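Please examine the structure below, beginning with its ligands and then turning to the protein around them.

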Amino acid sequence: MEMNPRKIELPMEIHTGPGVIKNTGIICKDLRFKGKVMVVTGYKTFNIAAKDVIGSLEAEGFETEYVKVKEASMESVMMVKENLEDMSLVLGVGGGKVIDVAKMAATLAGLSFISVPTAASHDGIASPRASIRDGERGSVSMKATSPIGVIADTDIIIKAPFRLLASGCADIVSNYTAILDWKLAHRLLNERYSESAAALSLMTAKMIIKSADAIKEGLERSARLVVKSLISSGIAISIAGTSRPASGSEHKFSHALDRIAPKPALHGEQCGVGTIMMMHLHGGDWRFIKDALKKMHAPTTAYELGIEPEYIIEALTKAHTIRKERYTILGDRGLTREAAEKLAKKTEVI
Ligand SMILES: NC(=O)C1=CN([C@@H]2O[C@H](COP(=O)(O)OP(=O)(O)OC[C@H]3O[C@@H](n4cnc5c(N)ncnc54)[C@H](OP(=O)(O)O)[C@@H]3O)[C@@H](O)[C@H]2O)C=CC1
Ligand SMILES: O=C(CO)COP(=O)(O)O
Ligand SMILES: [Zn+2]
């Protein structure tokens with residue numbers, strides 16, 4: 001296989017622990033930033049964390065502005081970018097959608113970006129990719145600048161609804177099928193494959209399953225454990241330069257559900273249920289995945305996702321049309337309706 005020059009971008013500083021959000025201003029100063037900082041946040045997370053972030057920045061002499069976003073869409077990215085003219089730094093304070101929008105807007109404006117997650121719900125915290133909805137194309141994985149820093153306050157993260165933490169665990173469990181899909185594409189299509197990225201991604205998934213019993217509601221140590229795993233999964237994405245080690249057919253299923261279901265569940269929750277079914281298609285131990293998700297209190301059925309079975313079946317038949325360039329066990333033709341129904345029933349998802 002031809003060897004092209006590669007660049008791996010990683011965060012320079014990762015701050016995790018209780019109360020670290022109060023050090024945001026000092027951290028930005030130590031990283032030699034000055035001037036005006038744009039804080040991108042969400043409608044709930046503004047009060048939960050962004051207010052404190054702004055207070056900490058202003059106490060260190062930074063000027064600040066903030067903008068609230070709802071959706072991880074190209075419109076949100078452009079709206080944020082338009083407000084970045086005289087900024088020297090962008091902070092994303094919130095869940096995965098806020099972080100992706102802030103990351104992508106900073107990338108387009110040529111600015112540095114710091115990730116301030118308020119929930120351990122996704123492995124985009126430290127990754128150099130942004131998942132953005134773009135019109136008819138649906139969800140696309142865009143190349144973005146790596147966060148220069150991560151500030152993960154475990155006091156805030158553990159107070160977030162437990163569902164978000166369980167969803168983050170499920171997003172990591174999905175690395176199992178993502179790796180199987182990546183290997184398949186490597187064998188069939190000679191797609192570039194990184195042993196080290198795959199090994200890190202799989203090890204992270206194994207570790208989170210091993211620690212499942214230690215993940216408890218309200219326990220700061222649990223938040224720390226999941227955050228560490230999400231960052232390590234994000235670093236696997238950085239090494240690969242693509243989200244391949246953490247996103248395969250199970251993610252295609254989740255992206256399809258986002259388009260089809262009237263009320264989609266959380267990203268990680270949907271990916272977890274997708275992992276059960278895709279593992280069955282790979283001929284692997286889908287019960288092991290199901291049991292692991294159950295231990296983590298993550299959903300394993302359509303009912304627990306709050307999604308009608310008919311949308312699960314439709315998403316299964318459409319999943320292969322998402323990110324067509326990303327070859328997976330779904331192949332180029334995808335599942336027939338009958339096969340989709342059989343798969344969902346066999347794995348007790350519906
Ligand atoms: N770039 C990458 O590599 C990756 C990207 N992703 C993307 O991330 C997104 C999923 O992220 P996820 O966080 O699950 O979803 P959201 O960003 O939609 O967050 C879910 C909800 O949780 C709320 N929330 C966040 N933190 C708290 C808190 N501390 N207390 C109470 N509520 C809180 C948010 O509030 P608010 O309304 O304020 O936003 C939002 O309403 C998807 O778009 C997915 O594609 C996922 C994995 C990797
Ligand atoms: O969610 C991801 C990894 O968990 C990456 O998402 P994509 O499916 O957008 O590449
Ligand atoms: Zn994901």
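In this predicted model, ligand 1 is surrounded by 26 residues, and the closest of these are Asp-100, Thr-118, Ser-121, Ser-127 and Arg-129. Two of the closest residues also make polar contacts with a nitrogen atom of the ligand. Thr-118 places a polar side-chain atom 2.7 Å from a nitrogen atom of ligand 1, whereas Arg-129 uses a backbone N or O atom, which lies 2.8 Å from a nitrogen atom of ligand 1. The protein covers 86% of the 930 Å² of accessible area that ligand 1 has on its own. Two or more residues of the shell are given by each of helix 2 (45-59), helix 4 (96-109), strand 6 (129-133) and helix 6 (162-173). Helix 4 provides the largest share, four residues. By class, the shell around ligand 1 comprises eight nonpolar, 11 polar and seven charged residues. An oxygen atom of ligand 1 is approached as well: a backbone N or O atom of Tyr-43 lies 3.2 Å from it.

The second ligand may be considered in the same manner. The residues that surround ligand 2 are Asp-123, Ser-131, Ser-141, Asp-171, Ser-243, Ala-246, Ser-247, His-251, His-255, His-267, Arg-323 and Arg-326. This shell consists of one nonpolar, seven polar and four charged residues. Contacts to oxygen atoms of ligand 2 come from side chain and backbone. A polar side-chain atom of Arg-323 is found 2.8 Å from an oxygen atom of ligand 2, and one of His-267 is found 3.1 Å from an oxygen atom of the ligand. Ala-246 contributes through a backbone N or O atom, at 3.4 Å from an oxygen atom of ligand 2. Taken alone, ligand 2 exposes 310 Å², of which the protein buries 94%.

Some of these residues appear again in the lining of a pocket. The second largest pocket contains about 270 Å³ of space. It is lined by 17 residues, and those closest to its centre are Val-140, Ser-141, Arg-323, Glu-325 and Arg-326. Ser-141, Arg-323 and Arg-326 are also among the residues around ligand 2. Strand 7 (residues 139-143) supplies the largest share of the lining, three residues. In the lining as a whole there are three nonpolar, four polar and 10 charged residues.

The overall fold frames these sites. The protein chain has 15 helices and eight strands, and its C-alpha trace spans about 60 × 45 × 35 Å along its principal axes. A compact globule of 350 residues would have a radius of gyration near 20 Å, so the 19 Å of the protein chain agrees with that expectation.

Methods
Residues are numbered from 1 along each chain as its sequence is written. Chains are lettered from A and ligands numbered from 1 in the order in which they are written. This is a predicted model: local features need pLDDT of at least 70, side-chain atom pairs count only at pLDDT 80 or more; totals for chains, interfaces and linings use all residues. Side-chain values use heavy atoms; hydrogens and water are left out. On a 1 Å grid over the protein atoms alone, a cavity is a set of points where a 1.4 Å probe fits but cannot get out, and a pocket is an open set with protein on both sides within 12 Å along at least five of seven lines; lining residues have an atom within 4 Å of a point. Grid points are joined across faces, edges and corners, and a volume is the space filled by probe spheres set on the points. Ala, Val, Leu, Ile, Met, Phe, Trp, Tyr, Cys and Pro count as nonpolar, Asp, Glu, Lys and Arg as charged, and the others, Gly among them, as polar. A residue is near a molecule or strand if one of its heavy atoms lies within 4 Å of it. A polar contact is a pair of N or O atoms within 3.5 Å; within protein, one must be able to donate a hydrogen and the other to accept it, and residues adjacent in sequence count only if both atoms are side-chain atoms. Accessible areas come from the Shrake-Rupley method with a 1.4 Å probe; for residues, only the protein chains shown count as cover. The radius of gyration is taken over C-alpha atoms; the globule rule is 2.2 Å times the number of residues to the power 0.38.
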